[in-house]
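Work through the exercises below with the sequence and the structure open. Each task is followed by a solution in steps.

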Amino acid sequence: MRSARPVVTPNVVAVTSGKGGVGKTNFAANLALAYADRGARVLCIDADLGLANMDIVMGVAPTYTAAELVRGDADIDDVLVRAHDGVFLLPGASGQYDLANLSDAARRNLFSAVDSLDDRFDVIVVDTGAGVGSNAVGFASAAKDIVVVVTPEPTSVADAYGIIKVLSTRCAVRRLKVVTSMVASAAEGEQVFRRLSSLVDRFLDTSLVHLGSLPRDPALSRSVMRGEPVLRAYPDTPYSRAVQAVAGRLLQQDEPDDRAGAIRLFWRKLLRQGGRP
Ligand SMILES: Nc1ncnc2c1ncn2[C@@H]1O[C@H](COP(=O)(O)OP(=O)(O)O)[C@@H](O)[C@H]1O
Ligand SMILES: [Mg+2]
């Protein structure tokens, strides 16, 4: 289902959450595929340094990861894995490298590697770690669009508020997008969003936009077991249709990114702050 509307400006979308296990990685991977369906060239970055598993959701087995890249042991072209038509993955390395503690040489390696990517991709989807104490906030605050994934569980809503508070008060992020995940119905998704957004409206100088809900769907774990993202394994299942709708909404309300070299700016910002807020 390719549409005539190409994505023209490189746009960095960070997918984050307050709490782990909310469906962030699956959403990020399938969002990337939905962008590719619309003709975009997409780079996925697995930046969940504690629990890098986007490769598994994408169904690929990378030889190298970002760890070899920052050490200078592999080139960007050896590290990038072609995961699907129009989608490349920069695989993460669980617990092996820490952006906050990169040496100058490692920083230079990373920077010069990604510097070459600017004209190769239209969209970068970053799967960040969860929680305020991780690199998540650094990655998220350097991105143009930040999507916070939240489930109906009260703990997830409380932790989503926590990360939104950090992004708002420490990183001056004024607009955030929200995807409600693992919901039983669209009405439940709306309710969760309203609960979160009334807290944010009351206490923070940031506004939230609801991009939609992802239903709890058994097709998702079936597809991961098959080693294929659900959008490819079961394109017509409720989850897949919901991801396509969310991608459409993200594109619809996309303010053009007039920052020349948006990808380069993203990395520069990120490396300056060492992956931390
Ligand atoms: N909408 C959903 N319906 C059913 N299961 C889901 C859904 N979203 C995620 N899951 C399951 O929840 C677990 C965590 O998902 P994952 O995407 O890895 O979350 P995170 O990256 O936030 O830790 C996985 O086992 C996944 O299959
Ligand atoms: Mg994850």
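**Exercise 1.** Decide whether Asp205 counts as buried or exposed, and find its contacts beyond the neighbours within four places in sequence.

Solution. The model is predicted, so every value here is computed from predicted atoms.
- Step 1: place the residue. Asp205 sits in the loop that joins α8 (186-203) to β8 (207-215).
- Step 2: count neighbours. Asp205 has 11 C-beta neighbours inside 10 Å. The cut-off for exposed is 12 or fewer, so Asp205 counts as exposed.
- Step 3: list the contacts. Outside its neighbours within four places in sequence, Asp205 touches Ser168 and Arg174.
- Step 4: check a distance. Val173 is 32 residues away along the chain, and its C-alpha atom is 8.7 Å from that of Asp205.

**Exercise 2.** Classify Ser112 as buried or exposed, and state how far Ser112 and Trp267 are apart in sequence and in space.

Solution.
- Step 1: Ser112 belongs to helix α5 (residues 104-115).
- Step 2: there are 11 other C-beta atoms within 10 Å of Ser112, so this residue is exposed.
- Step 3: between Ser112 and Trp267 the separation is 155 residues in sequence, while the C-alpha to C-alpha distance is 10.0 Å.

**Exercise 3.** Describe how helix α1 and helix α11 pack, and which residues make the contact.

Solution.
- Step 1: read the geometry. The axes of α1 (residues 24-37) and α11 (residues 238-252) are 9 Å apart and meet at an angle of about 65 degrees.
- Step 2: name the arrangement. Angles from 65 to 115 degrees count as roughly perpendicular, and α1 and α11 are therefore roughly perpendicular to each other.
- Step 3: give the handedness. α1 and α11 cross in a right-handed sense.
- Step 4: list the residues. α1 contributes Phe27, Asn30, Leu31, Ala34 and Tyr35, and α11 contributes Val243, Gln244, Val246 and Ala247.
- Step 5: sort them by class. The contact of α1 with α11 has seven nonpolar residues, two polar and no charged ones.

**Exercise 4.** Which residues come nearest to ligand 1, and which elements each supply at least two residues of its shell?

Solution.
- Step 1: there are 17 residues around ligand 1, and Gly23, Lys24, Thr25, Asn26 and Ser221 come nearest.
- Step 2: at least two shell residues come from each of α1, β7 (175-183) and α9 (218-226).
- Step 3: the shell around ligand 1 divides into eight polar, six nonpolar and three charged residues.

Conventions
Residues are numbered from 1 along each chain as its sequence is written. Chains are lettered from A and ligands numbered from 1 in the order in which they are written. This is a predicted model: local features need pLDDT of at least 70, side-chain atom pairs count only at pLDDT 80 or more; totals for chains, interfaces and linings use all residues. Axes are lines fitted to C-alpha atoms, for helices over the stretch in contact, and angles run from 0 to 180 degrees between N-to-C directions. Helices (H or I, at least four residues) and strands (E, at least two) are DSSP runs, numbered from the N terminus. Angles under 35 degrees count as roughly parallel, over 145 as roughly antiparallel, 65 to 115 as roughly perpendicular and the rest as oblique. A crossing is left-handed if the near helix is turned anticlockwise from the far one by less than a right angle, and right-handed if clockwise. Two residues are in contact if their C-beta atoms, placed from the backbone, lie within 7 Å. Ala, Val, Leu, Ile, Met, Phe, Trp, Tyr, Cys and Pro count as nonpolar, Asp, Glu, Lys and Arg as charged, and the others, Gly among them, as polar. A residue is near a molecule or strand if its C-beta atom, placed from the backbone, lies within 6 Å of it. A residue is buried if 20 or more other C-beta atoms lie within 10 Å of its own, exposed if 12 or fewer, and partly exposed in between; C-beta atoms are placed from the backbone.
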